[in-house]
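Here are a few exercises to work through with a structure viewer open. Try each task yourself before reading its solution.

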Amino acid sequence: MSYVDEIYAKVVEQNPGEPEFHQAVKEVLDSLKLVIDANEEKYRKAGVLERFVEPERIISFRVPWVDDKGNIQVNKGYRVQFNSAIGPYKGGLRLHPSVNQSILKFLGFEQVLKNSLTGLPMGGGKGGSNFDPKGKSDREVMAFCQSFMTELYRHIGKDTDVPAGDIGVGAREVGFLFGQYKRLTGLYEGVLTGKGLTFGGSLVRTQATGYGLIYILDEMLKKNGKELAGKTVVVSGSGNVAIYAVEKAQQLGAKVVALSDSNGYIYDKDGIKLDVVKEIKEVRRGRIKEYVDAVPTAVYTEGKGIWTIPCDIALPCATQNELNLEDAKTLLANGCFAVAEGANMPSTREATDLFVEKKILFMPGKAANAGGVATSGLEQSQNSLRLSWSFEEVDEKLHDIMVGIFAKAADAAERYGVPGNYVAGANIAGFEKVVDAMIAQGVV
Ligand code: NDP
């Protein structure tokens, strides 16, 4: 049995009932096979993979709080501190009823590689709770966040573990969490990222994932003799990532013709008017179909189907598994030559395999959406320096980081004989740095 197969079998045996974690380990190890096979003796001797797939620590705790009716509620709280070989743990907190240990381990595992790719000194972690903020009052959300932090504060700190937001954790929740940390410890430090601008947040964090996606796309196109200007682009979703991807793509001369939400999609042959979208999504919190009220020449279609719109470039920025094999075939048949993933795991495994096999320009989410966590890393730096950089300074650093990520993924793919395969390249480049550090630090 190969080293990879052996480790995967152990993961399944020793982590029963954790299908998401098994899937993530399998996908990553499969794409790392080239590098693992080439270094098998060295890695086996150091027990590298055995340690790589086992979180350093999982903290699991009770989160009791009182709702508006005076009833006591109890949720499960977690922090998975996966790997600190290259820096303090870094990764978001997710508040959603679906949260469990398997999902947080899968996300924490992926985060280790993504953070490594940014080139910043950040280890990987993830945390959260099965608490559902939807429909809760501000007071209930605050009561939950304060109780959650009353346990979590013992395990985090600016030099040990720096959580951020994720699904269900936005500026409001980060504010409540930060306030309780400060109250419990008496420390005003950069222990969380995604903070408001008045208490240590960073400029560009809002735009970072979308802008970063376009920076790496632009670099991938240039390095392959193409350019973004004049290309027709389809973007799915109409949330934070999608909106700022459209903004930057338009600034660089692309024509974005479609956007979606979970109800349906709009097609505007003349190019999306982003001010209309921002008004609907950021101000009114409305539905994307309202776009046609303001732009009657655009067309709204209920349901899925955004990938049937012909385009040169597709940017899935909504959610996991939103682009399947059929969608991938349709895109290719319509002449799409580049795909960059703004969302986490938006293409199914089969769709990804087809893109790689057909050798189109495909940048996986782990690399393409790393601008968000990279800018969180820049927020940490500013907090440690007790300085705030200007929008232009942060944006320039973000741009350099995304160009650097492309170079690392391209170089690793080249070195292992699969030039242009950025899926393998991104995983290998992220893995190499972490593993070097793990070996250098001994058996810990
Ligand atoms: P938002 O919640 O702001 O937006 C998500 C968008 O996707 C909404 O328009 C939503 O529509 C749409 N959507 C959700 N589910 C579906 C579906 N089943 N079909 C079609 N559209 C759907 O999230 P973000 O923009 O922040 O995140 C998008 C993705 O990017 C996620 O995978 C996230 O994990 C990833 N990501 C985000 C980062 C960030 O910094 N924000 C960083 C790295 C990754 P509706 O309003 O109807 O729900």
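The exercises below deal with a predicted model, going from the overall fold to the ligand, a pocket and a cavity.

**Exercise 1. Overall build**

Task: Describe the secondary structure of the chain and decide how its compactness relates to that of a globular protein.

Solution:
- Begin with the elements: the chain holds 17 helices and 12 strands.
- Next, take the radius of gyration, which is 22 Å; the globule rule for 444 residues also gives 22 Å, so the chain is as compact as a globular protein of that length.
- Finally, look at the extents: the C-alpha trace spans about 60 × 55 × 45 Å along its principal axes.

**Exercise 2. The ligand and its shell**

Task: Find which residues come nearest to the ligand, and then work out how the protein surrounds the ligand.

Solution:
- Start with the neighbours. There are 18 residues around the ligand, and Thr209, Ser238, Val241, Ser262 and Arg287 come nearest.
- Sort the shell by class: 11 residues are polar, four are nonpolar and three are charged.
- Map the shell onto the fold. Helix H8 (205-223) and helix H9 (240-251) each contribute at least two residues.
- Now check polar atoms against the ligand's oxygen atoms. Ser262 has a polar side-chain atom 2.3 Å from a ligand oxygen, and for Arg287 the distance from a polar side-chain atom to a ligand oxygen is 2.5 Å. Asn240 takes part through its backbone, with an N or O atom 3.0 Å from an oxygen atom of the ligand.
- Close with the cover: on its own the ligand has 890 Å² of accessible area, and the protein covers 67% of that.

**Exercise 3. The second largest pocket**

Task: Characterise the second largest pocket by its volume, its lining and the helix that gives the most to that lining.

Solution:
- The volume comes to about 440 Å³.
- Its lining counts 26 residues; Gln380, Ser381, Gln382, Asn383 and Ser384 lie nearest the centre of the pocket.
- Helix H15 (residues 371-385) gives the most to this lining, with six residues.
- By class, the lining has 11 nonpolar, 10 polar and five charged residues.

**Exercise 4. The cavity**

Task: How many cavities of 30 Å³ or more does a search of the whole structure find, and what lines the largest cavity?

Solution:
- The search gives one cavity of 30 Å³ or more, and the volume of the largest cavity is about 30 Å³.
- List the lining: Leu93, Leu95, Phe144, Cys145, Phe148, Val169 and Leu177.
- Assign these residues to elements. Strand S3 (89-95) and helix H6 (138-152) are the elements that give two or more residues to the lining, and the largest share, three residues, belongs to H6.
- Classify the lining of the largest cavity: seven nonpolar residues, no polar ones and no charged ones.

Methods
Residues are numbered from 1 along each chain as its sequence is written. This is a predicted model: local features need pLDDT of at least 70, side-chain atom pairs count only at pLDDT 80 or more; totals for chains, interfaces and linings use all residues. Side-chain values use heavy atoms; hydrogens and water are left out. On a 1 Å grid over the protein atoms alone, a cavity is a set of points where a 1.4 Å probe fits but cannot get out, and a pocket is an open set with protein on both sides within 12 Å along at least five of seven lines; lining residues have an atom within 4 Å of a point. Grid points are joined across faces, edges and corners, and a volume is the space filled by probe spheres set on the points. Helices (H or I, at least four residues) and strands (E, at least two) are DSSP runs, numbered from the N terminus. Ala, Val, Leu, Ile, Met, Phe, Trp, Tyr, Cys and Pro count as nonpolar, Asp, Glu, Lys and Arg as charged, and the others, Gly among them, as polar. A residue is near a molecule or strand if one of its heavy atoms lies within 4 Å of it. A polar contact is a pair of N or O atoms within 3.5 Å; within protein, one must be able to donate a hydrogen and the other to accept it, and residues adjacent in sequence count only if both atoms are side-chain atoms. Accessible areas come from the Shrake-Rupley method with a 1.4 Å probe; for residues, only the protein chains shown count as cover. The radius of gyration is taken over C-alpha atoms; the globule rule is 2.2 Å times the number of residues to the power 0.38.
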